[in-house]
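This briefing goes through one protein model by topic. Please keep the sequence and the structure in view while reading.

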Amino acid sequence: RLLGRGLAAAMSPSQPLKSVDYEVFGRVQGVCFRMYTEGEAKKIGVVGWVKNTSKGTVTGQVQGPEDKVNSMKSWLSKIGSPSSRIDRTEFSNEKAISKLEYSNFSIRY
């Protein structure tokens, strides 16, 4: 089975893929949170998206190999951007997926 270049090629087929939705509460808007989230996701090697909500939270979805998704969940819960303050992060719809639904990680508006 041939995989495309880049992200897909770097993923081992033995590692199950996972998808999870997230919402981050706290001081997470106006502090470059989305930009840092995108950078971290690309560094870890997960795909998905991030966006600000009208209620002052940041929401999105992460997909990738289980261990990488877990690393991203940890980052979204504990680290965030340098000037952000994360009060709590809620994860939902965590499930196994057969293939990635995104080709990269993007900021949505």
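The points below cover the overall make-up, the sheet, the helices and a few single residues.

The model is a predicted one. The protein contains three helices and five strands, and their order along the sequence is α-β-α-β-β-α-β-β. The five strands form one open sheet with mixed pairing.

**Overall make-up**

- Of the 109 residues in the protein, 41% are buried.
- The protein exposes about 6,200 Å², and carbon and sulfur atoms supply 50% of that area.
- Among contacts with a separation of 6 or more, 76% are between residues 24 or more positions apart in the protein.

**The sheet**

- In what order do the five strands stand in the sheet? The order is β4-β1-β3-β2-β5.
- β4 (85–97) and β5 (105–107) stand at the edges with a single partner strand each, so one side of each has no neighbour in the sheet.
- On average, neighbouring strands of this sheet are turned by 15° against each other, with direction ignored.
- As general background, the strands of a sheet pair through backbone hydrogen bonds, and the pairing is either parallel or antiparallel.
- β1 and β3 are antiparallel and pair over eight bridges. One of the pairs places K18 opposite its bridge partner G64 in β3.
- β2 (residues 47–52) and β3 (residues 58–65) also run antiparallel, and six bridges join them.
- Two residue pairs help to locate the pairing with β3: V47 stands opposite Q63, and N52 stands opposite V58.
- β2 and β3 form a hairpin with five residues between them. In the turn, G56 has a positive phi of about 85°.
- How many of the eight residues of β3 are buried? Eight of the eight are, and the strand is described as mostly covered.

**Helix α2**

- Helix α2 covers residues 33–44 and packs on the sheet, where it touches β1 (17–27), β2, β3, β4 and β5. The direction of α2 makes about 175° with that of β5.
- α2 has 12 residues, which at 1.5 Å a residue should span 16 Å; the end C-alpha atoms are 16 Å apart, so the two values agree.
- The buried residues of α2 are F33, T37, E40, A41 and I44. Seen down the helix axis, these buried residues fall within an arc of 100°, so they line one face of α2.
- Which elements do the buried residues of α2 pack against? They pack against β1, β2, β3, α3, β4 and β5.
- G45 follows α2 and has a positive phi, near 100°.

**Helix α3**

- α3 has 13 residues, and the distance from its first C-alpha to its last is 18 Å, close to the expected 18 Å at 1.5 Å a residue.
- V69, M72, K73, W75 and L76 are the buried residues of α3. Viewed down the axis of α3, its buried residues lie within an arc of 160°, so they line one face of the helix.
- The buried residues of α3 pack against β1, α2, β3 and β4.
- G80 follows α3, and its phi is positive, near 65°.

**Single residues to find in the model**

- K73 is found in helix α3, which covers residues 66–78.
- Is K73 buried or exposed? Its relative accessibility is 17%, and buried means under 20%, so K73 counts as buried.
- Leaving out residues up to four places away in sequence, K73 touches V20, F91 and E94.
- C32 is found in the loop between β1 and α2. Its phi is positive, about 60°, although C32 is not a glycine.
- C32 has a relative accessibility of 45%, so it counts as partly exposed.
- N93 lies in strand β4. This residue, also other than glycine, has a positive phi near 50°.

Notes:
Residues numbered from 1 in each chain as written. Predicted model: local features only at pLDDT ≥ 70, side-chain atom pairs only at ≥ 80, totals over all residues. Heavy atoms only, no water. Pairing = 2+ DSSP bridges. Helix = DSSP H or I, 4+ residues; strand = E, 2+ residues; numbered from the N terminus. Axes fitted to C-alpha atoms, helices over the stretch in contact; angles between N-to-C directions. Contact = heavy atoms within 4.5 Å. Buried < 20%, exposed > 50% of the residue type's maximum accessible area, 1.4 Å probe, protein only. Areas by Shrake-Rupley, 256 points an atom, 1.4 Å probe, with all protein chains shown as cover. Expected span 1.5 Å × (residues − 1). Arc of directions from axis to C-beta.
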